[in-house]
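Work through the exercises below with the coordinates loaded. Each task is followed by a stepwise solution.

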Amino acid sequence: MRKCLELASKGLKGVSPNPMVGSVIVCEGKIIGEGYHEKYGSHHAEVNAIASVKNKSLLKSSTLYVNLEPCAHFGKTPPCSNLIIECKIPKVVIGCVDSFSEVAGKGIEKMQKAGTEVIISVLEQESRELNKRFFTFHEKKRPYIILKWAESKDGFIAPKNQTEPFWMTSSESKKLVHKWRAEEDAILVGRITAEKDNPSLTVREIEDENPTRIVIDRDLKLSEELNIFNSEAETLIFNTLKTEENNTNKYISADFNNLTESILQKLYKQNIQSVIIEGGRKTLQSFIDKNMWDEARIFTTNKELTDGVKAPSIKAEIVEETEIGGDLLEILINA
């Protein structure tokens with residue numbers, strides 16, 4: 001099962017909105033096949049694992065391991081549970097049940113009715129953790145929310161009266177942030193951050209695909225010349241004035257009286273499973289105050305600002321501390 005999880009993790013980013021899944025086939029204590037879901041719309045892990053077995057006659061005396069319940073429905077590919085039954089694989093070991101409504105135990109039930117022995121909940125916690133974005137999306141009907149900011153050692157995230165872009169962390173931290181962006185479906189900032197920092201919100205420090213960009217601009221005051229509106233990635237603009245598409249920009253009307261919930265509902269409908277929120281303070285704090293977040297990644301630098309914009313206020317368990325290029329990175333989980 002650990003091998004399944006290792007294989008599954010290779011699909012990060014490429015398979016969204018599908019989950020990351022790995023599969024291993026064992027016969028008489030030896031691995032005879034393995035595979036993972038490589039790209040959205042392509043073959044699932046079980047299909048790739050079965051295809052990799054050279055001597056298919058061994059499948060009738062093998063055990064298939066997979067970190068997520070095999071699907072039972074026709075989507076972009078046929079049901080994996082059907083293929084397992086057709087191959088007469090006698091035993092299947094599953095990391096965790098799939099809570100997606102089209103599956104949700106149906107794959108297990110189908111295999112059991114066909115006479116397949118099914119064992120579930122093997123490394124269940126690790127299996128759910130790997131697909132935390134997928135499970136949050138389907139169980140809470142919203143994207144997985146990651147808060148990210150950098151603050152000075154005296155507790156400020158930006159200088160007072162900032163007039164030009166300001167980057168507080170080291171180049172190593174900046175590169176890591178761009179890697180994070182590539183791992184998520186979207187990245188969100190508020191209007192003031194877009195205006196003062198003029199960010200591109202891309203992954204230019206590494207070679208990968210850019211996430212969807214999201215900006216909150218109630219009255220559409222932002223200049224269309226800002227980097228966030230260029231053609232490097234799609235941009236969603238939450239506002240009160242219009243809903244329309246224009247090249248790579250998509251304007252979406254939102255309820256600003258209930259903004260946090262409205263944005264999350266509309267992102268759910270857009271099939272966006274995960275969002276990094278990078279600023280500014282008001283935007284970050286609004287998600288904290290509504291308890292609409294799952295993870296926070298906070299850099300504390302050696303810089304002192306003495307005055308400026310105070311860092312957001314958050315209370316949660318620190319699960320990890322790391323030094324990145326002289327910056328302290330803390331990971332918090334909203335348990």
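**Exercise 1.** State what area the protein exposes and what share of it carbon and sulfur atoms supply.

Solution. The exposed area is about 16200 Å², by the Shrake-Rupley method with a 1.4 Å probe. Carbon and sulfur atoms supply 46% of this area. The model is predicted: local features need pLDDT of at least 70, side-chain atom pairs count only at pLDDT 80 or more, and totals for chains, interfaces and linings use all residues. Residues are numbered from 1 along each chain as its sequence is written, and side-chain values use heavy atoms, with hydrogens and water left out.

**Exercise 2.** Compare the radius of gyration with the globule rule.

Solution. The rule is 2.2 Å times the number of residues to the power 0.38, and the radius is taken over C-alpha atoms. For 335 residues the rule gives a value near 20 Å; the protein has 22 Å, which agrees. The C-alpha trace spans about 70 × 45 × 35 Å along its principal axes.

**Exercise 3.** Find which residues of the largest nonpolar core touch the most other members.

Solution. A nonpolar core is a set of buried (under 20% relative accessible area, 1.4 Å probe, protein chains only) Ala, Val, Leu, Ile, Met, Phe, Trp, Tyr and Cys residues joined through side-chain atoms within 4.5 Å. The largest has 28 residues, and Leu147, Trp149, Val275 and Ile314 touch the most other members. Among the elements supplying at least two residues each are strand E6 (144–151) and strand E13 (274–279); strands are DSSP runs of E, at least two residues, numbered from the N terminus. A second, separate core of 21 residues includes Leu59 and Phe134.

**Exercise 4.** Give the share of buried residues in the protein.

Solution. Of the 335 residues, 51% are buried.

Notes:
Buried < 20%, exposed > 50% of the residue type's maximum accessible area, 1.4 Å probe, protein only. Helix = DSSP H or I, 4+ residues; strand = E, 2+ residues; numbered from the N terminus.
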